[in-house]
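Please work through the exercises below with the sequence and the structure at hand. Each task is followed by a solution that proceeds in steps.

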Amino acid sequence: MPVRSVVGPWGRAGRYLLDLLFPPRCIVCRRVGNWLCTSCVSSLPFITGPVCRRCGLPVSTGDLCPRCRVRPLRIRTIRSVLLFEGPVRTAVHRLKYRDGHALAGPLGGLLVGWWEEHPLGVDVVVPVPLHPQRLERRGYNQAALLAAVLARGVGLPLLERALVRVRNTRPQMSLGREARRANVAGAFRAVDGAVEGQRVLLVDDVCTTGATLEACADALREAGAAEVRALTLARAP
């Protein structure tokens with residue numbers, strides 16, 4: 001799905017009119033001009049220190065977090081750009097529920113910037129899908145918008161419809177770790193032949209326990225994916 005800056009028939013003229021009436025404000029400092037101003041980018045909580053080589057959680061010692069030493073996720077690697085705190089929480093909430101199409105550009109650009117420093121060996125980009133009922137209510141899939149910006153920025157194919165959510169699960173935020181796992185188990189299905197033999201990069205907005213990414217990876221591997229990695233905008237501390 002291409003990232004569109006305007007919804008409706010007015011095209012660029014309509015976007016210009018909307019910007020005049022409702023100019024974008026930085027999600028951090030609230031200054032008018034851009035959704036994320038250059039001076040505020042450096043203040044975001046980027047993940048820069050050592051991380052678990054499997055799940056990407058920041059660690060102070062060793063190359064695996066305590067959980068992955070005992071029960072590693074069924075996915076090759078997960079990496080995230082930012083910690084899910086402070087202004088990042090606000091940005092993700094607005095991306096999901098208010099200004100998705102407008103914020104996808106600057107936030108997706110952070111994914112592209114991360115990739116330029118830490119490229120992953122993959123062939124295609126696949127967003128974590130929404131259930132059709134939730135997609136209809138929201139009007140867009142924020143993961144697909146971010147994935148489109150990333151794929152275009154790094155020159156990889158975007159397979160938006162390669163993975164579908166076949167069960168409308170409960171919101172994960174209200175559940176504990178094991179309940180999250182059970183909630184999304186079997187909730188996804190990969191389209192036959194879409195990812196066979198491909199090294200897949202899953203893209204989502206936030207990783208908390210990794211349960212959703214793990215369930216997606218299971219479905220992709222069952223459909224013949226050679227390998228599944230994941231990249232998210234933010235990671236819950």
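The exercises that follow concern a predicted model.

**Exercise 1. The chain as a whole**

Task: State how many helices and strands the chain has, and describe its burial, its contacts and its exposed surface.

Solution.
Step 1. Nine helices and six strands are found in the chain.
Step 2. The chain has 237 residues, and buried residues make up 50% of them.
Step 3. Consider the contacts between residues at least 6 apart in sequence: 72% of these join residues at least 24 apart.
Step 4. About 11800 Å² of the chain is exposed, and carbon and sulfur atoms supply 54% of this area.

**Exercise 2. The nonpolar cores**

Task: Determine how many residues the largest nonpolar core has and which residues have the most contacts inside it.

Solution.
Step 1. The general background is that nonpolar side chains tend to be buried together in soluble globular proteins.
Step 2. In this model, the largest nonpolar core has 36 residues, and Leu-107, Trp-115 and Leu-201 have the most contacts inside it.
Step 3. At least two residues of this core come from each of strand E1 (77-83), helix H4 (87-97), helix H5 (100-117), helix H7 (142-154), strand E5 (199-207) and strand E6 (227-235).
Step 4. H5 provides the largest share of this core, with eight residues.
Step 5. A second, separate core has 33 residues, including Val-128, Phe-188, Leu-202 and Ala-219.
Step 6. To return to Leu-201, residues up to four places away in sequence are set aside; among its contacts are then Trp-115, Leu-120, Leu-150, Arg-229, Ala-230 and Leu-231.

**Exercise 3. Helix H4 against helix H5**

Task: Decide how the axes of H4 and H5 are arranged, and identify the residues through which the two helices meet.

Solution.
Step 1. Two packed helices are described by the angle between their axes and the distance between the axes.
Step 2. For H4 and H5, the axes come within 7 Å and cross at roughly 135°.
Step 3. An angle has to be over 145 degrees to count as roughly antiparallel, and 65 to 115 degrees counts as roughly perpendicular. H4 and H5 are therefore oblique to each other.
Step 4. Their crossing is left-handed.
Step 5. On the H4 side, Ala-91, Arg-94 and Leu-95 take part; they meet Gly-100, Leu-103, Ala-104 and Leu-107 of H5.
Step 6. The buried residues of H4 are Val-88, Ala-91, Val-92, Arg-94, Leu-95 and Lys-96. Their cover includes E1, H5, helix H6 (132-138), H7, E5 and E6.

**Exercise 4. Helix H5 against helix H7**

Task: Describe the packing of H5 and H7 by angle and distance, and then give the handedness of their crossing.

Solution.
Step 1. H5 and H7 pack at an angle of about 45°, and their axes are 8 Å apart.
Step 2. H5 is therefore oblique to H7.
Step 3. The crossing in which H5 passes H7 is right-handed.
Step 4. The H5 residues in this contact include Gly-100, Ala-104, Leu-107, Gly-108, Leu-111 and Trp-115, while those of H7 are Leu-145, Leu-146, Val-149, Leu-150, Gly-153 and Val-154.
Step 5. The C-alpha atoms of Gly-153 and Leu-111 are separated by 9.0 Å, although their positions lie 42 residues apart along the chain when counted as sequence separation.

**Exercise 5. Individual residues**

Task: Classify Val-59, Gly-153 and Arg-30 as buried, partly exposed or exposed, and describe where Arg-69 lies.

Solution.
Step 1. Buried requires a relative accessible area under 20%, and exposed one over 50%.
Step 2. Val-59 has 13% relative accessibility and therefore counts as buried. Its place is the loop between helix H2 (38-41) and helix H3 (66-70). Beyond its neighbours within four places in sequence, Val-59 is in contact with Pro-50, Val-51, Cys-52, Leu-64 and Cys-65.
Step 3. Gly-153 lies in H7. With a relative accessible area of 45%, Gly-153 is partly exposed.
Step 4. Arg-30 belongs to the loop between helix H1 (11-21) and H2. Its relative accessible area is 37%, so Arg-30 is partly exposed. Arg-30 also has a positive phi of about 70°, although it is not a glycine.
Step 5. Arg-69 lies in H3. With residues up to four places away in sequence left out, Arg-69 touches Thr-61 and Leu-64.

Note on methods
Residues numbered from 1 in each chain as written. Predicted model: local features only at pLDDT ≥ 70, side-chain atom pairs only at ≥ 80, totals over all residues. Heavy atoms only, no water. Core = buried A, V, L, I, M, F, W, Y, C linked by side-chain atoms within 4.5 Å. Buried < 20%, exposed > 50% of the residue type's maximum accessible area, 1.4 Å probe, protein only. Helix = DSSP H or I, 4+ residues; strand = E, 2+ residues; numbered from the N terminus. Contact = heavy atoms within 4.5 Å. Areas by Shrake-Rupley, 256 points an atom, 1.4 Å probe, with all protein chains shown as cover. Axes fitted to C-alpha atoms, helices over the stretch in contact; angles between N-to-C directions. Parallel < 35°, antiparallel > 145°, perpendicular 65-115°, else oblique. Left-handed = near helix turned anticlockwise from the far one by under 90°.
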